[in-house]
Amino acid sequence: MATSLGSNTYNRQNWEDADFPILCQTCLGENPYIRMTKEKYGKECKICARPFTVFRWCPGTRMRFKKTEVCQTCSKMKNVCQTCLLDLEYGLPIQVRDTGLSVKDEVPKSDVNKEYYTQNMEREIANSDGTRPVGQLGKAPSSSDMLLKLARTTPYYKRNRPHICSFWVKGECKRGEECPYRHEKPTDPDDPLADQNIKDRYYGINDPVADKLLKRASTMPRLDPPDDKSISTLYIGGLGDTVTDGDLKSHFYQFGEIRTITIVQRQQCAFIQFATRQSAEMAAEKSFNKLIINGRRLTVKWGRSQAARGKEGIKEGVSEMGTRLDPVPGLPGALPPPPALDEEAPANYFNLDPSSSPAVMNIALPPPPGINPPPPGFGPPMFHHMGPMAPPMPPPMSMRPPGQIHYPSQDPQRMGAHAAHGSRHVQ
């Protein structure tokens, strides 16, 4: 924004001049060597309409350029990022955070009252140490169970991707792989997430992302204690390499006396046994789906008794959490058990009719590929229909009397045997 030397100094004294922006880890990017451009009084804040210093940078490779949208005063009043306007502590929209902390928004929306409120907030920010938020947010409780369940513990860099190429959607993009925009199908325009407003996000009203998260919070699963009252052990999963037994002890000792802490490094899990069942139930209730240690979200489950652990498998229709699973429609049911085998009955591997004669069931395997079958009379026939008028079969070689030699030309069943015999008689 251009400023002249003859501008009123009273108006300019409220303009913001900063050396570094207030950003979340996601907007800042994963590149530690980032380069920013700084434009003093570059634009007006989209909330209070006062000129402020605009920062612009690229958070990473194949990412779009980002810039600050609101001034630092508006950012400090709500404890949000200057770019995405999400809470800096939980990574959630303002509407979700205020609902979890039971904080009522008191920021005025008219120009005159907004200016007066902003000046009072600036005075309060200047008198504070800068470690805690100001206003109603600073008086709110430190944490909430719902916020701990929904909080984002790791950066979500997918939010920094480029926008969709409008030319590619129309089939007119000629850049190919060099195009800095995404070549993807756009989302449904009727999707509520496709209509987001920065002022609604800041004031915490009509935010579709917040509505989606609040609905998710209302349907989150619960951890019910097991029926076996002797179980006082909790399973903690997802430890990684950064969580130690000291970290677990410093968190769980507040719920009661801890008997043992066993860490299984190969599975990256731990088992915490409490002295009483009441302490274990309180620890499970306060830690389920909201346990974050050293920036890692840990899984909390109830341990299993020795008798249940020795059983093979899990009961049908019951998950590891102990909750009943509804049957999935369309899947086949359980297979029937195999029939009991009679030891005296002969084994019929080919499902042949047992009433037929064994001579009829004269079956031989076909020769391997590439090998010609033996000539007639040298190999067992593949299948013979033993009719009443058929000539008798010659006995096998092993059952013939000694001295008798059988030649293929003497086989009365060979093709043309009767014709040849008749021709000899004619001659």
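No disulfides are counted in this predicted model. Cysteine 24 illustrates the result. The cysteine sulfur nearest to that of cysteine 24 belongs to cysteine 27, at 3.5 Å. A disulfide requires two cysteine sulfur atoms within 2.5 Å, so cysteine 24 is in no disulfide. In general terms, such a link is a covalent bond between the sulfur atoms of two cysteines.

Solvent accessibility was computed for two cysteines. Cysteine 24 has a relative accessible area of 13%. This value classes cysteine 24 as buried, because the cut-off for burial is under 20%. Cysteine 58 reaches 23% relative accessibility. Cysteine 58 therefore counts as partly exposed, a class that lies between the 20% and 50% limits.

An annotated segment follows. An unreviewed UniProt entry lists residues 159-186 as "zinc finger region: C3H1-type". Helix accounts for 14% of the chain over residues 159-186, and strand for 0%. The C-alpha atoms at the two ends of this segment are 15 Å apart.

Strand pairing was examined around S4. Strand S4 covers residues 233-237 and pairs with strand S6, residues 269-274. The sense is antiparallel, with 5 bridges. In this pairing, glycine 237 stands opposite cysteine 269 of S6. S4 also pairs with strand S9, residues 299-302. Here too the sense is antiparallel, over 4 bridges. Tyrosine 235 of S4 stands opposite lysine 301 in S9. Strand S4 thus has antiparallel pairings with both S6 and S9. As a general rule, side chains in a regular strand alternate between the two faces of the sheet.

Key: Residues are numbered from 1 along each chain as its sequence is written. This is a predicted model: local features need pLDDT of at least 70, side-chain atom pairs count only at pLDDT 80 or more; totals for chains, interfaces and linings use all residues. Side-chain values use heavy atoms; hydrogens and water are left out. Buried means under 20% relative accessible area, exposed over 50%, partly exposed in between (1.4 Å probe, protein chains only). UniProt positions are given in the numbering used here, feature names are shortened, and annotations may be inferred rather than shown by experiment. Two strands pair if DSSP finds at least two bridges between them.
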